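Hi,

Here is the structure I said I'd pass on to you. Have a look at it first, and then read my notes alongside it.

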Amino acid sequence: MIDWKLLQDEAILASKFAYAPYSSFPVGAAGLVSDGRIVSGCNVENASYGLTLCAECSMVSNLIMSGGGRLVAALCVDGKGELLSPCGRCRQLLFEHGGDELQLLTPSGAQPMSVMLPWGFGPDDLDQKK
Ligand code: THU
């Protein structure tokens, strides 16, 4: 069983660190790792707008810096603490570290990554080409 409430609380906490002076749209992300750890992140914007790092990107950096492992479940929230559906680029980032089985809590309920990013390109595709 996934403790979605705990993950949402962690994402809300992370959103408080957001650096979002341009959009004024803070985002927090939190993920459960296969070993039980919880990792989180916030969005970090840039004066060169297109270089903005999403909260999921920050969370994935936190995942790797705290020892790696597979993401089992993840979610992100806006500044009101409400669930957000991850952007397309972030689905790709999450797919790398959780694969098809990663569960994402969206405003429409929990969905596996295989639904959120069908036919995703990932590490297995590179292996097949070698
Ligand atoms: N944002 C995220 O952090 N994650 C998403 O999945 C969607 C968008 C951020 C980027 C930008 O700082 C702000 O939300 C407004 O687009």
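Below is what turned up, going from the strands to the helices, the core, the ligand and a few odd spots. Keep in mind that this is a predicted model.

**The strands**

A good place to start is strand S3 (71–77). Is S3 enclosed or not? Six of its seven residues are buried, so S3 is largely enclosed by the rest of the structure.

S3 has several partners. With S1 (28–33), S3 pairs in the antiparallel sense over six bridges, and there you can find Gly-31 standing opposite Ala-74. S3 and S5 (103–106) run parallel and are joined by two bridges. Ala-74 turns up here too, opposite Leu-104 in S5. Then there is S4 (residues 83–84), which pairs with S3 in the antiparallel sense over two bridges; Val-77 has Leu-83 as its bridge partner. S3 and S4 make a hairpin with five residues between them, and Gly-81 in that turn has a positive phi of about 85°.

S1 also pairs with S2 (38–42). These two run antiparallel and are joined by five bridges, with Leu-32 opposite Ile-38. They form a hairpin as well, with four residues between the strands, and Gly-36 takes a positive phi near 100°.

If you want to follow the side chains along these strands, remember that in a regular strand they alternate between the two faces of the sheet.

**The helices**

Next, look at H2 (55–65). Which of its residues are buried? They are Ala-55, Glu-56, Cys-57, Met-59, Val-60 and Leu-63. As a reminder, an α-helix has 3.6 residues a turn, so residues three or four places apart point the same way. The cover over the buried residues of H2 includes S1, S2, S3 and H3. Just after H2 comes Gly-67, with a positive phi of about 120°.

H3 (88–98) can be read in a similar way. Its buried residues are Cys-90, Arg-91, Leu-94, Phe-95, His-97 and Gly-98, and what covers them includes H2, S3, S5 and H4. A glycine follows here too: Gly-99, just after H3, takes a positive phi of about 65°.

**The core**

The largest nonpolar core has 18 residues, and the ones touching the most other members are Val-39, Met-59, Leu-71, Leu-94, Leu-102, Leu-104 and Met-113. S1, H2, S3, H3 and H4 (113–116) each supply at least two residues of this core. Which element gives the largest share? That is H2, with four residues.

Try clicking on Leu-104. Apart from its neighbours within four places in sequence, Leu-104 is in contact with Trp-4, Ala-74, Pro-86, Leu-94, Gly-109, Ala-110, Gln-111, Met-113 and Met-116. There is also a second, separate core of eight residues, including Ala-11, Ala-30, Ala-73 and Val-77.

**The ligand**

Which residues sit around the ligand? They are Ser-23, Phe-25, Val-27, Asn-43, Glu-45, Thr-52, Cys-54, Ala-55, Glu-56, Pro-86 and Cys-87. Three of the polar distances are worth finding on screen:

- The side chain of Glu-45 has an N or O atom 2.5 Å from an oxygen atom of the ligand.
- Ala-55 uses its backbone: an N or O atom there lies 2.8 Å from a ligand oxygen atom.
- The side chain of Glu-56 has an N or O atom 2.7 Å from an oxygen atom of the ligand.

On its own, the ligand has 370 Å² of accessible area, and the protein covers 78% of that.

**A few odd spots**

Two residues have a positive phi without being glycine. One is Ser-24, at about 50°, in the loop between H1 and S1. The other is Trp-119, at about 55°, in the loop between H4 and H5 (123–129). Buried or exposed, for Trp-119? Trp-119 counts as exposed because its relative accessibility is 86%, over the 50% cut-off. Ser-24 counts as exposed too, at 59%.

Last one: Phe-17, in the loop between H1 (4–15) and S1, counts as exposed at 64% relative accessibility. Phe-17 and Cys-42 are 25 residues apart in sequence and 6.3 Å apart in space, C-alpha to C-alpha.

Happy exploring!

Technical notes: Residues are numbered from 1 along each chain as its sequence is written. This is a predicted model: local features need pLDDT of at least 70, side-chain atom pairs count only at pLDDT 80 or more; totals for chains, interfaces and linings use all residues. Side-chain values use heavy atoms; hydrogens and water are left out. A nonpolar core is a set of buried Ala, Val, Leu, Ile, Met, Phe, Trp, Tyr and Cys residues joined through side-chain atoms within 4.5 Å. Buried means under 20% relative accessible area, exposed over 50%, partly exposed in between (1.4 Å probe, protein chains only). Contact means heavy atoms within 4.5 Å. A residue is near a molecule or strand if one of its heavy atoms lies within 4 Å of it. A polar contact is a pair of N or O atoms within 3.5 Å; within protein, one must be able to donate a hydrogen and the other to accept it, and residues adjacent in sequence count only if both atoms are side-chain atoms. Accessible areas come from the Shrake-Rupley method with a 1.4 Å probe; for residues, only the protein chains shown count as cover. Two strands pair if DSSP finds at least two bridges between them.
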